[in-house]
Amino acid sequence: AFLVGAMPRREGMERKDLLSANVRIFKEQGEALDKVARKDVKVLVVGNPANTNAYICSKYSPSIPKENFTAMTRLDQNRAQSQLAAKLGVPVQDVKNVVIWGNHSSTQFPDASNAKVKKGGAENSVPAAINDEEFLKTTFISTVQKRGAAVIAARKMSSALSAAKAASDHMRDWFLGTGDQWVSMGVISDGSYGTPQDIVFSFPVTISNGKWKIV
C-alpha cells in the first residue's frame, strides 16, 4: 500500500506544518487498512510528515504488525547518494551504504561514514575517496537536509518524479531484498542505537524474504 494522499507541502512550510491537516487523513487510512487489508500488507507512507503519519496509521491498524508500516526516507538516501556520486565523479549506482538517520525532515542526519564507492576497478570508503572532511560534515549534510525546500523554491511545489522513484526503490527492495547493501527506511524502533522504542525512525536496514532488519 502506497499512502501518498496528503496535504502537499508549499514554499515556506516545514513538513511538521502539515501535521494538523494530515492526522485525520492517516487515522482514516489506518482504520481502513485495519478493516479490509490483508494482515501481511506492506505499507509505505509517503505523505508528510511521513514518520509521524506512519506512526499514526499503525496505531489505528492494531490488527496489522507494526513492522509492516514504514516511512519513506529513500528519497533522502537517493539525494545523498547523488551528492556523493557527483563529488566523486562516478555513477550514482556505484555509491552504496549511505544512511539517513532519524526523521524525514530538516532534522535528519545524512551519514556517509560507512558508505562505499566503486572507482577505478576497486571498492573504497567514500570518506577516504573524497578526502574532504569539511565537505562531509557541512555542505553534504546541509544540502541533503534542505533539498526538499530547494526543490519547492525552484518548482513552487514539492518533488514529483524523484519521490515516485524513491517509493518504487523502497518497495522493490522490500519485496526483492537488498543482499549485503544497506538501505534507509523509516521503521518502528526497537530501541537500537539508543532510540526510543515504538517511534518511527530511519535506520540502515537490510532486507531478506520480505523482512527488514536494522543493521
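In this predicted model, the charged end of lysine 87 sits over the ring of phenylalanine 135, 4.5 Å from the ring's centre. Phenylalanine 135 itself is tucked away: its relative accessible area is 12%, so it counts as buried, the cut-off being under 20%. A similar arrangement turns up at phenylalanine 175, where lysine 42 lies over the face of the ring at 5.0 Å from the centre.

Rings also meet other rings, and five aromatic pairs turn up across the whole structure. One of them joins tryptophan 101 and tyrosine 193, with ring centres 4.9 Å apart; the planes stand at 75°, so this pair is edge-to-face. Tryptophan 101 belongs to strand E5, while tyrosine 193 sits in the loop between strands E9 and E10, so the pair ties together parts that are 92 residues apart in sequence. The two partners have rather unlike surroundings: tryptophan 101 is buried at 18%, whereas tyrosine 193 is exposed at 52%. Phenylalanine 135 shows up again here, in a tilted pair with phenylalanine 140, at 6.3 Å centre to centre and 40° between the planes. Phenylalanine 140 is buried too, with a relative accessible area of 1%. Ring pairs also link Trp101 and Tyr193 with Phe201 and Phe203 in a cluster.

Away from the rings, asparagine 53 in helix H2 is buried, at 0% relative accessible area. Its side chain reaches the backbone oxygen of glycine 47 at 2.9 Å, and the residues touched by asparagine 53 include Asn22, Phe26 and Val45.

Finally, there is an open, antiparallel sheet of three strands, in the order E4-E7-E8. Strands E4 and E8 are its edges, each pairing on one side only. E7 and E8 pair over four bridges, and lysine 119 stands opposite alanine 122 in E8.

How values were computed: Residues are numbered from 1 along each chain as its sequence is written. This is a predicted model: local features need pLDDT of at least 70, side-chain atom pairs count only at pLDDT 80 or more; totals for chains, interfaces and linings use all residues. Side-chain values use heavy atoms; hydrogens and water are left out. Helices (H or I, at least four residues) and strands (E, at least two) are DSSP runs, numbered from the N terminus. Buried means under 20% relative accessible area, exposed over 50%, partly exposed in between (1.4 Å probe, protein chains only). A polar contact is a pair of N or O atoms within 3.5 Å; within protein, one must be able to donate a hydrogen and the other to accept it, and residues adjacent in sequence count only if both atoms are side-chain atoms. Contact means heavy atoms within 4.5 Å. Two strands pair if DSSP finds at least two bridges between them. Rings of Phe, Tyr and Trp (its six-membered ring) pair if their centres lie within 6.5 Å; planes under 30 degrees apart count as stacked, over 60 as edge-to-face and the rest as tilted. A charge sits over a ring if NZ of Lys or CZ of Arg is within 6 Å of the ring centre and within 35 degrees of the ring normal. Lists of a residue's contacts leave out its neighbours within four places in sequence.
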